[in-house]
Amino acid sequence: MTSNATKVRVMVEPGVWQHPFGTPLPYVDSTGGPSPRELATPRWAARARCVHLETEPEAWFPRDMSTGARDAIAICARCPVRRECLAAALTFGDEYGIWGGTTAADRALMADRLRHGTPLGAVLDDALADDSNESSGQWDGAA
Ligand code: SF4
């Protein structure tokens, strides 16, 4: 299956996401989290829950906090590679869409912490500590 719903990530076939990972953001200290090299491989993405469900990729890139976005966030909450997914978004600076069950607004706060020297592992631990982890609900109009 191929989707060109987004330039950010493209499912080229079930279980395989192609992600045009760029350069890791210079302020991200990967200590305690996956390294950029680990994140750039497709291995973790092959275990992504969103790949194995019949959910439209657009659900992860909502225009507003629609039912679809909430459904996507609920799916992320039970994804086995949620940590890697969120780490990838933070490391490579994906500004749009739902990643690891977080919205762009959630990740903007996390990016601030990274910019101020908090290691990636600590940011991930805090973000994923609440297993129910629905998004914080912060919403700035962009997913
Ligand atoms: S956390 Fe969500 S968006 Fe990320 S791989 Fe898992 S299901 Fe997909």
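**Confidence, helix packing and the ligand shell**

Over residues 137-143 the pLDDT stays under 50, and for this stretch the model has 18 contacts beyond four places in sequence. A similar note applies to residues 1-8, where pLDDT again stays under 50 and the model has 17 contacts beyond four places in sequence. The structure is a predicted model, so some care with these two stretches is welcome. For the protein chain, the mean pLDDT is 79, with 73% of the residues at 70 or more. Confidence in the chain is lowest in strand β1 (residues 10-13), with a mean of 52, whereas helix α6 has the highest value, 97.

Helix α6 (residues 120-128) is also a good place to begin with the packing, as it meets both α4 and α5. Two packed helices are described by the angle between their axes and the distance between those axes. For α4 and α6, the angle is about 125° and the axes lie 10 Å apart. The two helices are therefore oblique to each other, and their crossing is right-handed. On the α4 side the contact is made by Arg82, Arg83, Leu86, Ala87, Leu90 and Thr91, and on the α6 side by Leu120, Val123, Leu124, Ala127 and Leu128. Sorted by class, this contact of α4 with α6 holds eight nonpolar residues, one polar residue and two charged residues.

The partner on the other count is helix α5 (residues 104-115), whose axis comes within 9 Å of that of α6 and crosses it at roughly 150°. An angle over 145 degrees counts as roughly antiparallel, and α5 and α6 are therefore roughly antiparallel to each other. Here, too, the crossing is right-handed. Met110, Arg113 and Leu114 of α5 meet Leu120, Val123 and Ala127 of α6. Of the residues in the contact of α5 with α6, five are nonpolar, none is polar and one is charged. Leu120, Val123 and Ala127 of α6 thus appear in the contact with α4 and in the contact with α5.

Attention can now turn to the ligand. Around the ligand stand 14 residues, of which Ala48, Cys50, Cys76, Cys79 and Cys85 come nearest. The elements that give two or more residues to this shell are α2 (49-52), α3 (67-77) and α4 (82-92). By class, the shell around the ligand is made up of 10 nonpolar, two polar and two charged residues. Helix α4 therefore takes part both in the ligand shell and in the oblique packing with α6.

Note on methods:
Residues are numbered from 1 along each chain as its sequence is written. This is a predicted model: local features need pLDDT of at least 70, side-chain atom pairs count only at pLDDT 80 or more; totals for chains, interfaces and linings use all residues. A residue is near a molecule or strand if its C-beta atom, placed from the backbone, lies within 6 Å of it. Helices (H or I, at least four residues) and strands (E, at least two) are DSSP runs, numbered from the N terminus. Ala, Val, Leu, Ile, Met, Phe, Trp, Tyr, Cys and Pro count as nonpolar, Asp, Glu, Lys and Arg as charged, and the others, Gly among them, as polar. Axes are lines fitted to C-alpha atoms, for helices over the stretch in contact, and angles run from 0 to 180 degrees between N-to-C directions. Angles under 35 degrees count as roughly parallel, over 145 as roughly antiparallel, 65 to 115 as roughly perpendicular and the rest as oblique. A crossing is left-handed if the near helix is turned anticlockwise from the far one by less than a right angle, and right-handed if clockwise. Two residues are in contact if their C-beta atoms, placed from the backbone, lie within 7 Å. pLDDT is the predictor's confidence in each residue, from 0 to 100.
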